[in-house]
Each structure stands twice: as C-alpha cells, then as structure tokens.
Amino acid sequence: MNAAPLARTELGVAIIGCGRIGTLRAVMASRHPAVRFIALADRDPARARELAQRVGAQVHSSDSREIMSRSEVNAVVVSTIEIEHTQPVLQALELGKPVLVEKPIALDLATADRIIAATDGAGASLHVGFSRRFKKRYLLAKEQLVQGRLGKVVGASARVYNIRSQGMQTLSRLPKESNSISGLTYYVDVINWLLAGNPPAEVYACAQSGIFKDKGYNTNDVTWAILTYADGAVVNLGVSYALPEQYPALGHAARVELLGSEGVMLLDDDHTDQIMYTEQGFPHVYIPEHVVNMVLLGSGTPGDWALGEFWGPVATETRAWLDHLSAGTQCLLATPREARATLEVGLAIGESLKRHAPVRIPLE
C-alpha cells in the first residue's frame with residue numbers, strides 16, 4: 001500500500017527591501033521547493049528589478065503594499081533598514097500574512113508593543129530574524145540545556161568583536177544617538193533563548209568611546225554589561241565594533257560560555273581555526289568593497305558563498321521559516337515577545353550608560 005503524499009503548502013513570498021540581507025533571503029526562497037512565486041519591493045526600483053532578474057521573481061515594484069497585497073503572496077519577509085520595519089510589518093499583518101522581519105522588532109518598546117498587539121489580533125504569525133540561533137554550535141548548546149546536562153545555569157558570558165568598517169556600515173543607517181551594540185543584540189537573544197523561562201531583571205553597563213565619536217557618531221567603541229536574571233544567574237556581555245579595519249574577522253568574532261551546577265559549555269566562535277592569507281585579497285561578505293589579505297574563513301556574520309550556494313545562519317534560518325510555513329515544522333525563530341525582551345535589554349544597557357547606575361527590568 002502506497003503511503004499518502006506529504007502535505008505541503010505552496011508559498012508565494014514577498015520580500016520587502018532588496019539590500020544585502022533581502023538579497024540573501026530572496027536567493028534562499030528561490031531555491032526552496034515549496035516557493036512557487038516571488039515578489040520583490042524596494043524603494044529603489046532599479047535594485048528590485050536587478051534582484052528580480054537574478055532570482056527569477058515574477059513581480060517587482062517600489063510599492064511594498066502593492067506587492068504584499070497580491071493574491072499569490074502568502075508570506076512576507078521584511079528586510080528593510082531597521083528604522084523602516086514598522087510600516088511594512090503592520091501592513092502585512094493587517095493583510096493576515098505571516099511575516100519574517102529582521103532584528104530588531106522595533107527601536108522602542110511602544111512600537112514593539114504595537115506590533116505585538118497587531119500580531120495577536122491578526123491571526124497571522126510574526127517571527128524575528130536573530131540568525132545566531134541557527135549556527136550549529138548554538139543549536140547544539142540549546143539541546144544540551146533542554147536535556148538538563150548542565151543542571152541549573154548559574155552564570156554565562158558572551159562577547160563579540162567586529163571591525164570598525166562594519167560598525168560604520170551599521171551606524172550609517174541608524175539614528176546618530178544609537179549605541180554601537182547592534183551586534184550584541186544577537187547574543188542577548190542567544191542568552192535569553194538558552195535561559196528561556198528565566199527573564200533578565202537588572203542591567204549594569206560601562207563603556208569607552210573615542211573612535212566612533214571622532215567619526216561623528218555619538219556612540220561607544222567598547223561596551224560591557226552585567227545582567228542579573230530572575231533566579232540570580234549572572235551574565236557578562238561585551239561588544240566592540242572598533243577593531244582595526246584590517247583585522248581578519250569579517251563579521252562576528254565571538255565566544256559564549258555557560259556555567260551550570262552540573263557542567264560547563266565553552267563555545268569558541270572566533271574562527272581562528274580557519275586562517276587564510278592571500279595576495280589577491282578576500283572580499284567581505286557584507287561589505288564587498290572591503291578587502292583584506294588575511295581572513296578568518298567562516299567569520300562572515302550571515303554566512304558565506306561556496307560553490308555557487310550560500311551557506312550559514314541566514315540560509316538555515318530562511319529555510320527553517322519556509323519549512324515551517326510549508327510543512328508545519330517546528331519554528332525556532334524568535335517570537336515577537338522574545339524579540340521585545342531582547343530589545344528591552346538593549347535599551348536598559350543604554351539607560352544604564354546614561355545613569356552610570358544599575359537599571360531594573362522591566363523598564364519604567
């Protein structure tokens with residue numbers, strides 16, 4: 001007797017924002033077996049048209065609502081710059097279509113709450129892209145905690161270093177008063193995810209500035225924060241996006257440690273195990289015009305191109321979301337409330353830096 005065919009929902013995906021990450025999401029969607037229709041929107045119509053030709057999209061436009069409203073579209077990716085997330089997310093939810101939006105969910109808690117309320121009322125799902133969850137080492141770490149192999153987590157640390165070129169790229173699209181902790185939010189999410197059910201309760205942060213302020217940005221070169229969680233667990237978080245431009249890490253050079261009552265995990269994510277020097281130069285996966293001679297292979301934040309395909313966290317995350325929509329598989333992407341919790345920690349770090357004092361969570 002033949003088994004019944006596997007049920008699959010065919011997908012029509014609208015991608016709003018055709019920049020670097022939007023391009024990667026579009027490439028992955030074009031390769032997914034459940035995707036039958038791709039529509040692209042970007043405020044630069046030439047960029048939408050160019051990407052449409054590359055991935056074989058059926059429709060492209062500068063009007064995001066028009067694209068999302070098409071009957072063929074039943075899933076929406078919002079990959080605009082951070083300050084432009086809110087409108088397309090709310091429009092997609094109003095249309096009742098599931099959404100994947102890049103981090104952060106918003107830049108302030110009031111907007112995050114507005115998006116959460118819209119999600120609850122729409123009957124459609126919203127997930128937020130914190131792609132570090134989809135690095136294999138962090139998935140394996142989560143599994144060990146689910147299995148209870150560390151016992152009670154009593155302490156943790158996470159730090160990420162990056163080059164100032166990428167720091168300048170990030171700051172160029174954010175308000176001038178932004179803290180340079182954008183990359184750290186990935187690790188706030190990772191720690192909150194690993195310590196699920198144990199919310200952060202207090203933040204105390206310190207910072208040093210100079211390099212970015214000399215470039216015209218009122219932000220810090222190095223930030224460190226101590227988080228205390230509800231059950232007393234203490235977590236140390238650190239970030240610097242001010243490494244020299246020719247430092248060979250072309251993305252996140254990171255380390256995460258977890259201390260438990262019955263075990264410990266040390267997750268080395270610096271990529272110093274894969275070093276290459278080339279006189280021909282190696283392009284940055286996120287900033288193609290930035291070239292180095294020495295590179296830590298695999299250190300690109302979203303992933304890397306190899307043999308004509310894109311591999312890494314953003315690719316795995318995109319496939320996982322599309323699998324969830326088409327086949328009903330488990331979805332490990334951040335929920336709106338998880339994304340809000342990560343946002344609140346980031347805002348608390350900024351507030352602690354202003355006050356030079358500990359800040360309680362939830363924020364007043």
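## A walk through the fold

Ile-226 stands opposite Asn-236 in strand E10. This model is predicted. The two residues belong to a ladder of 7 bridges that joins strand E9, residues 222-229, to E10, residues 234-243. E9 and E10 run antiparallel.

Step back to the sheet around that pair. It is an open sheet of 7 strands with mixed pairing. The order across it is E12-E11-E7-E10-E9-E8-E17. Strand E12 (264-269) and strand E17 (359-360) stand at the edges. Each has a single partner strand, so one side of each is left without a neighbour in the sheet.

Helices pack on this sheet. Helix H11, residues 336-355, touches strand E8 (200-208), E9 and E17. The direction of H11 makes about 55° with that of E8. Helix H6, residues 136-146, lies across strand E7 (153-163), strand E11 (253-260) and E12. H6 runs at about 170° to E12.

Now turn to three other strands: E4, E5 and E6. Strand E4 covers residues 75-78 and pairs with E5 in the parallel sense over 3 bridges. The bridge partner of Val-78 is Val-101 in E5. Between these two strands, the chain passes through helix H4, residues 86-94. This β-α-β crossover is right-handed.

E5 also pairs with strand E6, residues 126-129. Again the sense is parallel, here over 4 bridges. Val-101 has Val-128 as its bridge partner in E6. Glu-102 stands opposite Gly-129 in E6. Helix H5, residues 109-122, makes a right-handed β-α-β unit with E5 and E6.

Which residues of E5 are buried on each side? Val-99 and Val-101 are buried on one side, and Leu-100 and Glu-102 on the other. Both faces of this strand, residues 99-102, are therefore covered, since buried means under 20% relative accessible area. E6 is covered on both faces too. Leu-126 and Val-128 are buried on one side, His-127 and Gly-129 on the other.

Where do the nonpolar side chains gather? The largest nonpolar core has 72 residues. Val-76, Val-99, Ile-105, Tyr-187, Ile-191, Leu-195 and Leu-258 have the most contacts inside it. Helix H8, residues 184-194, gives the largest share of this core, with 8 residues. Take Leu-258 as an example. Leaving aside residues up to four places away in sequence, Leu-258 touches ten listed neighbours, among them Leu-145, Leu-150, Val-153, Leu-194, Leu-195 and Met-265. A second, separate core has 26 residues. It includes Cys-18, Ala-48, Ala-57 and Leu-333.

Finish at helix H10. This helix spans residues 313-327 and has 15 residues. From its first C-alpha to its last it reaches 20 Å, close to the 21 Å expected at 1.5 Å a residue. Many positions in H10 are buried, including Pro-313, Val-314, Glu-317, Trp-321, Leu-322 and Leu-325. Gly-328 follows H10, and its phi is positive, near 75°.

How values were computed: Residues numbered from 1 in each chain as written. Predicted model: local features only at pLDDT ≥ 70, side-chain atom pairs only at ≥ 80, totals over all residues. Heavy atoms only, no water. Core = buried A, V, L, I, M, F, W, Y, C linked by side-chain atoms within 4.5 Å. Buried < 20%, exposed > 50% of the residue type's maximum accessible area, 1.4 Å probe, protein only. Contact = heavy atoms within 4.5 Å. Expected span 1.5 Å × (residues − 1). Pairing = 2+ DSSP bridges. Axes fitted to C-alpha atoms, helices over the stretch in contact; angles between N-to-C directions. Right-handed = clockwise from strand over helix to strand, strands pointing away.
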